Amino acid sequence: MSGSYERLLEKLKRVHHLGTVAGLLGWDEQVHLPPDSADQRAEQLALIAELQHAAAADPEIGRLLDSLTPIDAAQEVVIREARRDYERVVKLPSEFVAEKARHSSAAYHAWAAAKEADDFTAFAPHLEKHLALAHREAAYLGWGDRPYDYAIDKHDPGLTAARLTELFDELQAGLVPLVRAIAASPVRANPGIFRAFPVDAQREFLHEVTARMGFDYRRGRIDVSLHPFCEGAGADVRMTTRFDVDNPLDSLFSAIHETGHGLYEQGMPLAAQGTPLGQNAGMGVHESQSRMWENQVSRSRSFWNHFEPRLRARFPAQLAGVGSDALYLAVNQVAPTLIRVDSDEVYYNLHILLRFALERRLFSGELTVADLPAAWNALSQELLGLTPTSDRTGVLQDVHWSGGAFGYFPSYCLGNMIASQLWFTVREACAGLDADFERGDFSRLLAWLRAEIHQQGRRYGALELVRRVTGEELTPKYLLRYLEERYAPLYLR
Ligand code: ZN
């Protein structure tokens with residue numbers, strides 16, 4: 001019996017390693033690819049994708065899963081999660097997978113052109129087709145009566161639209177009054193104080209910060225790409241950021257965010273790499289790790305009490321006339337914007353609630369694609385207090401729907417809720433964390449995250465993980481409390 005289990009692990013690792021090869025080719029494409037090499041890279045990626053699909057759909061995996069009976073809790077997790085992955089691969093006809101891939105490529109280009117031309121009608125038929133494909137995909141997997149739940153469960157196992165609606169409604173009820181109060185505040189942050197920060201010094205500073213956080217640069221690296229991301233797992237984690245001499249906070253916080261993802265990937269048990277025990281617990285949990293480091297940790301007073309003198313030492317002339325309060329306020333700017341990716345952490349959640357509400361109505365048929373831009377604009381006014389003046393700054397701003405990635409946006413907000421709930425728990429469990437941060441010491445926080453989250457792999461879905469670690473059901477009240485504690489003293493004095 002143990003021989004069969006070992007054989008299953010071998011098969012799963014094979015799938016995983018092919019995935020990491022694809023990941024590296026993708027990383028290289030975004031970081032180093034010469035301008036005329038894209039076609040060749042596309043062929044390489046297509047070949048690896050084909051090999052990976054064949055490895056994942058290997059009928060021997062199915063036979064092994066049918067024959068195996070777990071002898072302990074670890075095996076139970078591996079078999080349960082491997083079955084989930086296997087079924088998702090074999091239940092989708094290969095013609096369907098090819099059709100979706102073709103359509104995603106066409107829809108991506110149509111979206112980019114429609115955004116450029118500020119013309120939603122040019123993208124609308126592509127979005128309609130993606131919705132039809134999403135309904136078909138759910139039906140193949142046995143979720144035909146709950147296609148949006150399927151889309152959500154794909155990213156965050158165990159979550160449903162109904163549960164998210166409860167969580168998000170409660171969040172919205174607390175968040176809207178907070179942003180209205182901040183909007184009415186006379187206090188204004190001025191991020192314009194950060195000008196002419198040379199890239200080399202920025203790079204050294206963010207390297208210092210991320211190494212302090214605990215990122216192991218012997219098992220990973222950071223490079224530059226247009227859109228920051230984190231790729232890889234275990235002993236090779238590749239992160240990226242981008243640099244703008246007049247916006248050093250963007251590169252720094254992008255790097256810190258990706259480092260949060262990277263620490264999670266580096267923190268999983270290496271021996272279990274490529275098996276569900278060495279894989280992440282879903283998008284929401286992944287995002288909770290990046291968000292906690294980016295927001296709860298790196299926007300705190302204690303963090304800046306440590307790093308402000310170091311920042312000043314690297315940029316003495318640029319920061320000569322900037323006081324500490326102005327610097328800290330600029331790091332914690334809150335201001336409405338139409339664009340999700342430019343949003344601060346308070347408004348950000350409202351951008352997600354908007355997308356979730358619209359996706360849910362698109363899937364239920366309450367909302368048609370033709371009516372989507374008007375619905376977007378109305379909800380934007382209601383939640384953000386801003387109405388887009390163009391499709392480009394409204395319904396066409398995000399790339400996600402062009403790839404048929406529905407049910408993906410909620411993970412961002414879920415991540416913020418999980419991060420806050422974990423934050424209150426870890427501060428109880430490890431008294432004096434602020435004093436650690438003042439010294440630039442993040443090791444106790446990281447050790448706690450390693451033990452409670454990283455080392456758990458895919459044992460638990462987001463809801464169960466939160467329940468086990470915090471002793472409470474997932475709730476938005478900690479996110480609301482955290483935002484209130486961070487921003488009320490700054491803006492509502
Ligand atoms: Zn992220």
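This passage looks at a helix pair and a small set of strands with a helix lying across them in a predicted model. Local features here need pLDDT of at least 70 and side-chain atom pairs count only at pLDDT 80 or more, while totals for chains, interfaces and linings use all residues. Residues are numbered from 1 along each chain as its sequence is written, and side-chain values use heavy atoms, with hydrogens and water left out.

Take the helix pair to begin with. Helices α5 (residues 94-117) and α6 (residues 120-140) have axes that come within 9 Å and cross at roughly 155 degrees. (Helices are DSSP runs of H or I with at least four residues, strands are E runs of at least two, and both are numbered from the N terminus; axes are lines fitted to C-alpha atoms, for helices over the stretch in contact, with angles from 0 to 180 degrees between N-to-C directions.) The two are therefore roughly antiparallel (over 145 degrees). Residues in contact (heavy atoms within 4.5 Å) include Phe96, His103 and Trp111 of α5, and Phe123, His130 and Tyr140 of α6.

Now for the strands. An open sheet of three runs in the order β1-β3-β2, with mixed pairing; strands pair if DSSP finds at least two bridges between them. β1 (220-224) and β2 (230-233) sit at the edges with a single partner strand each, so one side of each has no neighbour in the sheet. Neighbouring strands are turned by 15 degrees against each other on average, direction ignored. β2 and β3 (residues 236-241) run antiparallel and are joined by four bridges; cysteine 230 has methionine 239 in β3 as its bridge partner. Helix α10 (residues 248-267) lies across β1, β2 and β3, at about 165 degrees to β3.

How values were computed:
Angles under 35 degrees count as roughly parallel, over 145 as roughly antiparallel, 65 to 115 as roughly perpendicular and the rest as oblique.
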